[in-house]
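Student: Please take a close look at a single part of this protein, its aromatic pairs. Lead up to them from the loops and the overall fold, so that I can place what you describe.

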Amino acid sequence: MVKVDLLLINPPFHQRSGSGSIFPLGLGYIISSIENSGYSWDVIDCSKRISSYYEEDLENLKNFLNEEMGKYLPELIGIGPCITTQIKALKVIADCCKEHFDKERIFAGGPLASIDGQEWFFFDYLELDQIIKGDGESAVLHGLQYVKQGRKLSDCTEITIRNRIFFNEINDINKIPFPHRLYLKENIFSVRRSVSDKSIISASMITSRGCLYNCYYCVSGNMKYKKFRKRTNENIVEELISLKEMGVSDIVFYDDCFFYNKYNVNKDVEAYCSLLIDSNINMTWQMEIRPDILAQLNNDSIVLLSKSGCRQINIGIEKTNSVSQQFLGKNIEINDIRKGIDQIKGLSTIKVAGTFILGGGNETESDIKSMIKNSKNMNLDYAHYNPLFIYPGTRIYETVFHNEREWVDHILRDKFPWGEIIYENEHISGEELLDLVDYAYTYFYAGTDYENSAMVQDRFNLRRKGE
């Protein structure tokens, strides 16, 4: 039996065809925080253990967990990061944890735990007694210290229990230790890019927390507590240097919007890129940016981005007409986006990728195919197409479901293999929307090197059993 202070259970995750597979940064941050205080840890990684949430796979997950958990004597057990699609697997994990360990030492955390009104899922459905909402680094450390002192985990005020809700928010995120880089060389960020150059070692980074925006389909900007916090350029570069020393040559920034202030974006680009260039790091990187902010970039900013190593910009275009945009809580001028993309392509070798959401409101098949055609004409290097997924805690959820618990019943009844809730209307069913996603990928990538790739053939691997 292995004695360990903190045992983390990383739940199974739906890997989409052609996409990456990485160890969660959130767990890496928690590991660093407790390791820096002298505590031991280990992870039972279930992320690639099963290929669906069907019963036979869940049974395999249960057998795996029972075997692995029998090897440990942990002081504290953490489940997460928990997300809505994982509910069937989370039930298996929670039950196994309660069978092997003291229930008073088990907690869960992650995005689902942080959604206001979803505490019931953990207390009633999973029958757990403790969750951590918001930033987990301090809460996990202090909870572990309570347990090691012989006190109850539930006595720690940073822990949420049934009659006490507490949202953890670290104001100065520059002070958080850089995340532990578990499985660094095993992480895959893009099947497409990994195949083209196997020598590239990439790493992911987050430079901000919280969200300034309120898109109707996204949980991030609709949380009750969502204070936006950004790390300093100096702190970001310090982590880049540490990663370079580990052999990393490429960075994928997962911030929803790396440069977030459209009124000051060109000054922000100049400050960050100049520091990056002066530091002589010589790493390539890609970022996410809102299309309305991309449209504000001037020529000097684009040249600086390219010179500092930016190789790709990902923009969440989502819709190409104003009515569909408004349904998602967006208001972006498509012609401005086109001009911004053309400007980048004319001044640099930076690749531009756009994401689009299919479905929503009263969209018909004709509406969606028109949007797909428009996306082909935007001078993008890559395009990603997502069905509109519904998540509790969003405004769109409130238009479809009647209470904060109904989504669980929907997933339990549904036969999709990975627990996604696909938006449906009177014109288009979930299955038809998936067909349109396949059509979109085939249409956009026709005649390219990627037209026969797994990403194009079946991006989401979401077909119901028996189809």
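Tutor: Helices and strands here are runs assigned by DSSP, with at least four residues for a helix and at least two for a strand, and they are numbered from the N terminus. With those names in hand, Pro81 can be placed in the loop between β4 (72-79) and α3 (87-100). The peptide bond that leads into Pro81 from Gly80 is cis, and its omega is near 10°. Keep in mind that this is a predicted model.

Two other loops have a backbone feature to look at. Glu127 sits in the loop between α5 (119-125) and β6 (131-134). The phi of Glu127 is positive, about 55°, although the residue is not a glycine. Asn280, in the loop between α9 (265-278) and β13 (284-289), also has a positive phi, near 55°, and it too is a residue other than glycine. Their surroundings can be read from the accessible area. Glu127 has a relative accessible area of 40%, so it counts as partly exposed. For Asn280 the value is 55%, so that residue counts as exposed.

Ser301 gives a contrast, since it belongs to a helix, α11 (residues 299-307). Its relative accessibility is 3%, and the cut-off for buried is under 20%, so Ser301 counts as buried. Leaving aside residues up to four places away in sequence, Ser301 touches Asn266 and Val269.

Now the whole protein. It has 18 helices and 16 strands. Its C-alpha trace spans about 65 × 55 × 40 Å along the principal axes. A compact globule of 467 residues would have a radius of gyration near 23 Å, and the protein has 22 Å, so the two agree. Of the 467 residues, 53% count as buried. Among contacts with a separation of 6 or more, 77% join residues 24 or more positions apart. The aromatic pairs below are specific cases of links between distant parts of the chain.

That brings us to the part you asked about. A pair of aromatic rings is described by two quantities, the distance of the centres and the angle of the planes. A search of the whole structure finds 23 aromatic pairs. In one of them, the rings of Tyr53 and Trp418 have centres 4.8 Å apart and planes at 75°; an angle over 60 degrees counts as edge-to-face, so this pair is edge-to-face. Tyr53 lies in the loop between β3 (41-45) and α2 (55-69), whereas Trp418 lies in the loop between α16 (406-413) and α17 (430-445), and the two residues are 365 residues apart. Both Tyr53 and Trp418 are buried.

Tyr385 and Tyr441 form another edge-to-face pair, at 5.3 Å centre to centre with 80° between the planes. Here a strand and a helix are joined: Tyr385 is in β16 (residues 382-387) and Tyr441 is in α17, 56 residues apart. Tyr385 and Tyr441 are both buried. These two rings also belong to one aromatic cluster, whose other members are Phe356, Tyr382, Phe444, Tyr445 and Tyr450.

Technical notes: Residues are numbered from 1 along each chain as its sequence is written. This is a predicted model: local features need pLDDT of at least 70, side-chain atom pairs count only at pLDDT 80 or more; totals for chains, interfaces and linings use all residues. Side-chain values use heavy atoms; hydrogens and water are left out. The radius of gyration is taken over C-alpha atoms; the globule rule is 2.2 Å times the number of residues to the power 0.38. Buried means under 20% relative accessible area, exposed over 50%, partly exposed in between (1.4 Å probe, protein chains only). Contact means heavy atoms within 4.5 Å. Rings of Phe, Tyr and Trp (its six-membered ring) pair if their centres lie within 6.5 Å; planes under 30 degrees apart count as stacked, over 60 as edge-to-face and the rest as tilted.
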